[in-house]
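Subject: Structure for you to look through

Hello,

Here is the structure I promised you. Please open it and keep it beside this email while you read.

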Amino acid sequence: MRILRSNLNELLTGFIIKVICCLLFNTNSHALEIVYIGFGQDKPPYVINEESGLEIDLVRAAFATQNTEVVIRLFPRKALYQQVKKRLDGASALTLKENDGLFYSVPYLVFFNVLVTKADRKIIANHVADLAGLHVSSWQGASRLLGSELQSLIHQRQDVLAGYHEVNAQAQQISMLLTNRTDALIIDRNIFRWYWLKLPEKDRFDYSIHQIFPKTSVYQAAFQTEKFRDQFNAGLIAIKNNGKYDAIWQSYFNEESIPKQQTHNND
């Protein structure tokens, strides 16, 4: 009887050890991986804070399909590229730079750059050259990314513009236009619309949209490793196929603002 009891105890102990090992293996195999991603700050609705924003939601949703958790870090847009080169796993919404040692995703984020003026000013602007004589406020980096004609107007012929400056906090742009401290804004039209709707109703003004820049600016994510780049690309495919990508856009804008439709519209 004692031998039988001893054998049963040994079998039971062995079974418990096997169960524990299986549980540990399954837990480790399904453990979330962590990826640190940088985002440009102060650009609602794309980045509202460290917890929300269209851009953040897209990146999180893509990595979630790969069992990877995203930790958000916010930086001024000018600092974002250097941060991913030095300390982050990746950064969102950058433009491709050849042979810089980073691994770039497929394009996934679209900005619709326009010129916005107050309707009562009756400003006519059909071309970049029509900015001559105006005071213009833009987002950080616009002079570098929106074409050589704008660069020429700003850097080679500064006397042509009444004034030009770039700001990091785009709420400041709307305030400047509202209070007539600038004549025109260079801004993504979804960002402008977001801030305009946040104004008290008494402060809302009629405005004109001038489509004088390339229809869209397309951005990619940059990563330190191929592994995270490939995970993100696979995640993007997954959320486009399951409808999550469009659902995220629709949660912030109406259907017309979804990139696949917007790129065919004219203002």
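Below is what turned up, starting with the whole protein and then going into the details.

Please keep in mind that this is a predicted model.

**The whole protein**

The protein has 267 residues, and 45% of them count as buried. It contains 10 helices and 11 strands. Now look at the contacts between residues with a separation of 6 or more. Residues 24 or more positions apart account for 76% of these.

**The cores**

The largest nonpolar core has 60 residues. Six of them have the most contacts inside it: Leu 54, Phe 63, Leu 109, Leu 131, Phe 192 and Phe 232. Which helix gives the most to this core? It is helix α2, residues 54-64, with 7 residues. Another core lies apart from this one. That other core has 10 residues, including Leu 80, Tyr 81, Leu 94 and Ala 222.

**Helix α2**

Find α2 in the viewer. 8 of its 11 residues are buried, so α2 is largely enclosed by the rest of the structure. The buried ones are Leu 54, Glu 55, Ile 56, Leu 58, Val 59, Ala 61, Ala 62 and Phe 63. Leu 109 touches several residues of this helix, namely Leu 54, Glu 55 and Leu 58. Leaving out residues up to four places away in sequence, Leu 109 also touches Tyr 46, Ala 93, Ser 217, Val 218, Tyr 219 and Trp 249.

**Gln 220**

Next, go to strand β11, residues 217-223, where Gln 220 lies. Is Gln 220 buried or exposed? Its relative accessibility is 13%, so Gln 220 counts as buried; the cut-off for buried is under 20%. Gln 220 touches Ala 91, Ser 92, Ala 93, Leu 94 and Leu 96. It also touches Tyr 104, Ser 105, Val 106, Pro 107 and Tyr 108. Again, residues up to four places away in sequence are not counted.

**Helices α6 and α7**

Last, a helix pair. Helix α6 covers residues 170-178, and helix α7 covers residues 189-198. Their axes come within 10 Å and cross at roughly 65°. That makes α6 roughly perpendicular to α7. The crossing of the two is right-handed. Which residues meet there? From α6 come Gln 170, Ala 171, Ile 174 and Leu 177. From α7 come Ile 191, Phe 192 and Tyr 195. The residues of this contact divide into 6 nonpolar, 1 polar and no charged. Phe 192 is also one of the residues with the most contacts inside the largest core.

Best wishes

Note on methods
Residues are numbered from 1 along each chain as its sequence is written. This is a predicted model: local features need pLDDT of at least 70, side-chain atom pairs count only at pLDDT 80 or more; totals for chains, interfaces and linings use all residues. Side-chain values use heavy atoms; hydrogens and water are left out. A nonpolar core is a set of buried Ala, Val, Leu, Ile, Met, Phe, Trp, Tyr and Cys residues joined through side-chain atoms within 4.5 Å. Buried means under 20% relative accessible area, exposed over 50%, partly exposed in between (1.4 Å probe, protein chains only). Helices (H or I, at least four residues) and strands (E, at least two) are DSSP runs, numbered from the N terminus. Contact means heavy atoms within 4.5 Å. Axes are lines fitted to C-alpha atoms, for helices over the stretch in contact, and angles run from 0 to 180 degrees between N-to-C directions. Angles under 35 degrees count as roughly parallel, over 145 as roughly antiparallel, 65 to 115 as roughly perpendicular and the rest as oblique. A crossing is left-handed if the near helix is turned anticlockwise from the far one by less than a right angle, and right-handed if clockwise. Ala, Val, Leu, Ile, Met, Phe, Trp, Tyr, Cys and Pro count as nonpolar, Asp, Glu, Lys and Arg as charged, and the others, Gly among them, as polar.
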